Amino acid sequence: MCDSCENVTVGPRFFIKVGCAALALLIGLTYVVYVRPEPHQIGKHVDAVVVLAGERERLDTGLKLVNRGVAANLVISDGNAKGWKRANQLCAQRQPGHQPFGVFCPKPAADDTRGEVEGLARLARREHWKTIVLVTSNY
């Protein structure tokens, strides 16, 4: 044994602290990768990026995705709603040639998430879409 070595006792508090740190790291990584992925973490290509109505910041995320080439189509649920200026502009300019991607602005039959999803399902069937990226919020 060396002369400058000390006996260090590792007690239960040490293991509790290490365990808590490991759990915090795992939760943080899970949040970043699965709950709040960055646009560069999304798959390479899908049929459409769908932005649900509600928080206006969702549209920025949807635009980043289609501009990056993740999808050739952007769906803005209730995009013609009063007061949503950016969505209103995109929906008004959805003729071919105005954007490098298709824009769809369906009005949900009911003013809730279920109505949005039912309308989206009809649109996806009509357009023969198989895959989408859904932009929504986590509460």
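How many cavities of 30 Å³ or more does a search of the whole structure find? The search finds 1. We will get there by way of a strand. Keep in mind that this is a predicted model.

**Stop 1: strand S1.** Select residues 48-51, which form S1. Show the side chains. In a regular strand, side chains alternate between the two faces of the sheet. Here, Ala48 and Val50 lie on one side. Val49 and Val51 lie on the other. All four are buried, and both faces of S1 are covered.

**Stop 2: strand S4.** Add residues 132-135, strand S4. S1 and S4 pair in the parallel sense, over 4 bridges. Pick out Val51 in S1; its bridge partner in S4 is Val135.

**Stop 3: strand S2.** Now add residues 73-76, strand S2. S1 and S2 also run parallel, joined by 3 bridges. Find Val50, whose bridge partner in S2 is Val75. Next, trace the chain from S1 to S2: the path passes through helix H2, residues 57-67. This β-α-β crossover is right-handed.

**Stop 4: the cavity.** Keep Val75 selected, as Val75 also lines the largest cavity. Add the rest of the lining: Ser77, Pro106, Lys107, Pro108, Gly115, Glu116, Gly119 and Leu120. The volume of this cavity is about 40 Å³.

Which helix gives the most to the lining? Select residues 113-127 to see helix H4, which gives 4 residues.

Last, colour the lining by class. You should get 4 nonpolar, 3 polar and 2 charged residues.

Terms used. Residues numbered from 1 in each chain as written. Predicted model: local features only at pLDDT ≥ 70, side-chain atom pairs only at ≥ 80, totals over all residues. Heavy atoms only, no water. Buried < 20%, exposed > 50% of the residue type's maximum accessible area, 1.4 Å probe, protein only. Helix = DSSP H or I, 4+ residues; strand = E, 2+ residues; numbered from the N terminus. Pairing = 2+ DSSP bridges. Right-handed = clockwise from strand over helix to strand, strands pointing away. 1 Å grid on protein atoms, 1.4 Å probe; cavity = no way out; pocket = protein on both sides within 12 Å on 5 of 7 lines; lining within 4 Å. Points joined across faces, edges and corners; volume = space filled by probe spheres on them. Nonpolar A, V, L, I, M, F, W, Y, C, P; charged D, E, K, R; others polar.
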